[in-house]
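Ready for a few exercises to work through at your own pace? Have a look at the sequence and the coordinates first, then try each task before reading its solution.

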Amino acid sequence: MVPWDYIVRQLFYGLVSGCMYALMAAGLSLIFGVMKMLNFAHGEFYMIGGYVIYFLVVKFGVDPMLSIFSALIAAFLTGMLIERVFLRPLFGRPAWDLSALTVTIGLSIFLQNFALVFWGEKYKRIPEYIAGTVSIYGIPISLQRVLVVVGSLCLIAVLWGVLHRTMFGKAIRAVAQDPDAASLMGINPRKIFMLTYAISCMLAAFAGALLSPIFMVYPTMGASPFLKGFCVAIFGGLGSFEGAVLGGMLLGLAEVAGIALFGAEWRDVIAFTLLILTLVFKPSGLLGRGE
Amino acid sequence: MGVVSSMSIYGGVSKLKSAVREYPRAILLLFALYLIPLFIRSPYILHLMVLGYIYAILTTSWDLVCGYTGIFSFAHAAFCGIGAYTSSLLSMRMGINPWLTILVGSLTSTGIGFLIALPCLRLRGPYIVIVTLAFSEIARITCSNLVDITRGELGLWGIPPLLQVSGRREYYYLIALSFFAATLLSLYALIRSKMGYALSAIGQDELKARSIGINVTEYKLLAFSISAFFAGLAGGLYAHYVLLLVPSAILSLGLMVEIMTMSLIGGLKSLVGPAIGSFLLVFISEYLRAIGPYRFLIYGLLIMVIVIWAPSGMVLAVRKVGDLIGLTKPIVWKGQK
């Protein structure tokens, strides 16, 4: 019989990865919902988050919380720049979704190899933001992981509030539904596109910044969260923010169960199988509205 | 399905005959490539050209499914890897002749391509990308985890070579060229057949294609399977030529990125474009060894720049040169508006 504190700890670890998947998937889903494109460079924003933390915290000794905040700003600005330079020229082209996707593939390869060439392939260790453990029902759990879960949930809650309780959020949802109708109401869809892209990139960078003390920082660190994020975004329903969050948590827990059943080396297959099953049986996903 | 496809293939053969009459110079040029080993003796350059032909088989067959049919498939590298691994494992473990196992490997690829195409039928562009991407990652992880069979990331070596005479690059050159010529000609015949026009119609507007009575499902499945066949062929050829397989090289997204870059540089929807792009990239990355670590950095930039500012790739330039020497003109103006 497996000791139950082991089970609880594994479930908690599942929740930690679940938060990461939720943050990644929420951003991808938001971009798809509004811009109708897949952002293949999403993992690289996760990486940017990690590297900002590495340079600020490890190299310059800046306070971790301030560094996380800087990572958010950096990702937001990079996102705006990339949208303006590389994506805007493509708007209105016949196969907009595929050309935007191809461009972001190029961007992803570029950024990944930029980090590889200029910052090296060595894994970089980041000290924990909060040392120590907290004991829940007598089971010790590291505070760093608690911080990840609490931080992610807070950011997700804030974003949900912005999307559903502010005029700006209403504008985003309006553009997602119909950019032409939205522009008739005085909303500038291009501005919304740019801000949506930037906000989504910020979410990815936040995940990267929070998780870098656990998973370390290296050039291809974004690949796996990106692919998982995609599976989750589809599983939850592309374009659905709530679906992405729910799907992320579910995948985190499903992976823990999968590792217990099949072993850790098959971990990544679970997400992909889930993805293909979703697309075969219910392409609109858990909470998606369908096409 | 059988009737339609055999009819299209028959039509393709007759198209090929007319092509030989219509473009004698282009066909002659293809056969002139057979004479190259007489002039170029360097085994190194011949080796690069063999690789170029293998890549060209990959990119031209990807062009069929991506360029013409408009299905952005990310699984092409995986099909190549499946062909390579099936063929080398069969020939290694069961002692079957490599020539036969290459065919079996390609057919395995075709079968898996057919299965992967099934869920893609109901899906639109971006979703297809994800399904094929997920499939190729599953293939890679499976291959590197099944250490007992494939030796995983340690690499599969000791694959029987295609020819018993070792060290004769000329023979490999001729074999690779023949495979490439066969691929190019059959794809060309396919493009010019009724099926080819149907595929182009699907690529341009699926709904309209369906409305004029094109069986979209059947043609998409066929296109996917055929392109998987050639990818498997390229993989088998590669395996029995290079004699070493590593999942992170042949089943990886890196190979897919190379296929994409080559095709985009050459220009999709032209068959000749991706083939030229393959040669160009193989030679550039070999001769500019100084760019070694920057290679993928440059590939990434190239993809972005081409898609944004030169979506038709080099194909325009190629066509202009081809028109000048009378090679490509009729091909261009009949296929496109």
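Below are five exercises, each followed by a worked solution.

Before you start, note that this is a predicted model, in which local features need pLDDT of at least 70, side-chain atom pairs count only at pLDDT 80 or more, and totals for chains, interfaces and linings use all residues. Residues are numbered from 1 along each chain as its sequence is written, chains are lettered from A and ligands numbered from 1 in the order in which they are written, and side-chain values use heavy atoms, with hydrogens and water left out.

**Exercise 1. Chain B as a whole**

Describe the secondary structure, burial and contacts of chain B.

Solution.
- Step 1: start with the DSSP runs, where helices (H or I) need at least four residues and strands (E) at least two, numbered from the N terminus. Chain B has 18 helices and two strands.
- Step 2: turn to burial, where buried means under 20% relative accessible area, exposed over 50%, and partly exposed in between (1.4 Å probe, protein chains only). Of the 337 residues in chain B, 55% are buried.
- Step 3: look at contacts, meaning heavy atoms within 4.5 Å. Taking the contacts in chain B between residues at least 6 apart in sequence, 80% join residues at least 24 apart.
- Step 4: finish with the surface, using the Shrake-Rupley method with a 1.4 Å probe; for residues, only the protein chains shown count as cover. Chain B has an accessible surface of about 14300 Å², and carbon and sulfur atoms account for 71% of that.

**Exercise 2. The interface**

Characterise the contact of chain A with chain B by residues, area and chemistry.

Solution.
- Step 1: count the participants. Chain A brings 39 residues to the contact and chain B brings 35 residues.
- Step 2: find the area. The size of an interface is often given as the accessible area lost when the parts come together. Here buried area is that loss for two parts, with a 1.4 Å probe, summed over both. Between chain A and chain B about 3400 Å² is buried, 82% of it from carbon and sulfur atoms.
- Step 3: ask which residues of chain A lose the most area to chain B. They are Ile109(A), Phe110(A) and Leu279(A), together giving 14% of what that side buries.
- Step 4: search for salt bridges, each a side-chain nitrogen of Lys or Arg within 4 Å of a carboxyl oxygen of Asp or Glu. The rule finds zero salt bridges across this interface.
- Step 5: assign the elements. On the side of chain A that touches chain B, helix 4 (96-119), helix 9 (223-236) and helix 11 (267-281) each supply at least two residues. Helix 4 of chain A gives the most, with 15 residues.
- Step 6: sort by type, with Ala, Val, Leu, Ile, Met, Phe, Trp, Tyr, Cys and Pro as nonpolar, Asp, Glu, Lys and Arg as charged, and the others, Gly among them, as polar. The side of chain A that touches chain B then has 29 nonpolar, five polar and five charged residues.

**Exercise 3. Salt bridges**

How many salt bridges are there over all chains? Examine those of Glu137(B) and Arg210(B).

Solution.
- Step 1: the rule gives six salt bridges over all chains.
- Step 2: Glu137(B) pairs with Arg140(B), their closest N and O atoms lying 3.0 Å apart. These two are separated by about one helical turn because they are three residues apart in helix 7 (residues 125-145) of chain B. Glu137(B) is buried at 7% relative accessibility, whereas Arg140(B) is partly exposed at 23%.
- Step 3: Arg210(B) meets Glu206(B) at 3.4 Å, N to O. Both sit in helix 11 (residues 206-211) of chain B, four residues apart, about one turn of the helix. Arg210(B) is partly exposed at 44%, and Glu206(B) is partly exposed at 28%.
- Step 4: follow the shared partners. Glu206(B), Arg210(B) and Lys220(B) are joined into one network of salt bridges.

**Exercise 4. The setting of Ser87(B)**

Is Ser87(B) buried or exposed, and which residues does Ser87(B) touch?

Solution.
- Step 1: Ser87(B) lies in helix 5 (residues 76-94) of chain B.
- Step 2: its relative accessibility is 0%, so Ser87(B) counts as buried.
- Step 3: leaving out residues up to four places away in sequence, Ser87(B) touches Pro98(B), Thr101(B), Ile102(B), Gly105(B), Gly236(B) and His240(B).

**Exercise 5. The setting of Ala244(A)**

Where is Ala244(A) found, and which residues does Ala244(A) touch?

Solution.
- Step 1: Ala244(A) is part of helix 10 (residues 241-262) of chain A.
- Step 2: at 0% relative accessibility, Ala244(A) is buried.
- Step 3: not counting residues up to four places away in sequence, Ala244(A) touches Ala22(A), Ala25(A), Ala26(A), Ser29(A), Val232(A) and Gly236(A).
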